[in-house]
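Got your viewer open and ready to click around? Let's take a walk past some charged side chains, then finish with a look at the cysteines.

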Amino acid sequence: MQEVSVRGRVIRDMIAHVTNDHLIGKKIKTGELRKNLVEPKWKCPDCFRMEEIEMPQFQMELLRRKEAPRKDYVILQLHGGGYIGAMRNAYRSFAGLYSEVSKGMDVLTIDYRVAPEHPFPAALEDAVEAYEWLKRAGWHGRQIIVAGDSAGGGLALALCLYLKDHSRSLPGGLVLMSPWTDMTASGPSYLDNYERDPLFGNTTDSLIYNRDYAGWNDLKDPYLSPVFGDFWGFPPMLIQAGSQEMLLSDSVTLAYKAKRQGAKVRLSVYGGMFHVFQMGMMMMPESKRAWREIGRYFQVVTGK
């Protein structure tokens, strides 16, 4: 595990400072600020074109490179936000990075329905519909790589569990950034990193204890907490997490269990990093290294 960079340490400490502020810190930790965020219209880079797709219950966006798009694989991106935050511009930027590090794959990002207006299983239903839309568009399951961060990572796993339970073809790979896999918060890192986590630490009034999506359903339901699921037959996974996040054990337990059940898993824990530190994109060495690792994962999975 490499030592945290100076820039990474500064950004981590800035996040901790902001989230500990009495005025806006609680709104960040609970997701209230994210949920009510108003953003300017995203400007699509000139090298891409964006197609907006209306589904009966939700919207999708297909990002495609204008020149030399890669046509052998496609990425389905499921965004994070604790199941209560809708898509935002950062995930449109994520889509561009996914396309770049995959050497030109199309990226389908879905703005799935969120709680409390749309509790479980709305997000899972939308993820399944988006996956089936890609198959109707001509993609085979093995040509689809599902990527998700935080709640989106948990949703990616829930999608695979659902597909397996219903005897449907699974995707060809999974990229999971700080996946939220255990809504019971039973892993050791929820205590070990309670005071270290700059985003969710020092409180139980945060997104990771929110039941707006789960409602009164059993939190051990694998469609809510995939760590309690069965991973036999799952596609190769790349799991990335930060050593200081409370959700670290969600990734560690997932990797251990999936490996024991025969799945190919790479777990990378980035020292000194926080929840979904990949949001740093090209601003700090750790996030740059994580995106390069994702690019190598695509090469291994696709053979190109």
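Start by selecting Glu125 and Arg113: these two form a salt bridge, and their closest N and O atoms are 3.2 Å apart. Keep in mind that you're looking at a predicted model. Now zoom out a little to see where each partner sits. Glu125 belongs to helix H5 (residues 122-136), while Arg113 lies in the loop between E4 and H5, 12 residues apart from its partner. Turn on the surface and compare them. Glu125 is partly exposed, with a relative accessible area of 43%, whereas Arg113 is buried at 14%.

Why would side chains like these pair up at all? Because opposite charges can pair when the charged atoms come close.

Next, select Lys304 and Asp72. Here's another salt bridge, this time with 3.4 Å between the closest N and O atoms. Trace the chain from one to the other and you'll be going for a while: the two are 232 residues apart. Lys304 is in the segment after helix H9 (285-302), and Asp72 is in strand E3 (residues 70-78). Is each one buried or exposed? Lys304 is exposed, with a relative accessible area of 56%, but Asp72 counts as buried at 18%, because the cut-off for buried is under 20%.

Leave those two selected and add Arg70. Salt bridges with shared partners tie Arg70, Asp72 and Lys304 together into one network.

Now move to Asp106 and Arg64. Their side chains meet in a salt bridge too, at 2.8 Å from N to O. Colour by secondary structure and you'll find Asp106 in strand E4 (residues 105-111) and Arg64 in strand E2 (residues 59-65), 42 residues apart. Asp106 is buried, with 5% relative accessibility, while Arg64 is partly exposed at 27%.

Want to hunt for others on your own? The structure holds 13 salt bridges, including the ones you've just visited.

Last stop: the cysteines. How many disulfides does the structure hold? Zero. To see one case, select Cys47 and Cys44. The closest cysteine sulfur to that of Cys47 is the one in Cys44, and it is 7.4 Å away. That's too far for a bond, because a disulfide needs the two sulfur atoms within 2.5 Å. While you're there, check the surface: Cys47 is partly exposed, with a relative accessible area of 42%. Then jump to Cys160, which is buried, with a relative accessible area of 0%.

Note on methods:
Residues numbered from 1 in each chain as written. Predicted model: local features only at pLDDT ≥ 70, side-chain atom pairs only at ≥ 80, totals over all residues. Heavy atoms only, no water. Salt bridge = Lys/Arg side-chain N within 4 Å of Asp/Glu carboxyl O. Helix = DSSP H or I, 4+ residues; strand = E, 2+ residues; numbered from the N terminus. Buried < 20%, exposed > 50% of the residue type's maximum accessible area, 1.4 Å probe, protein only.
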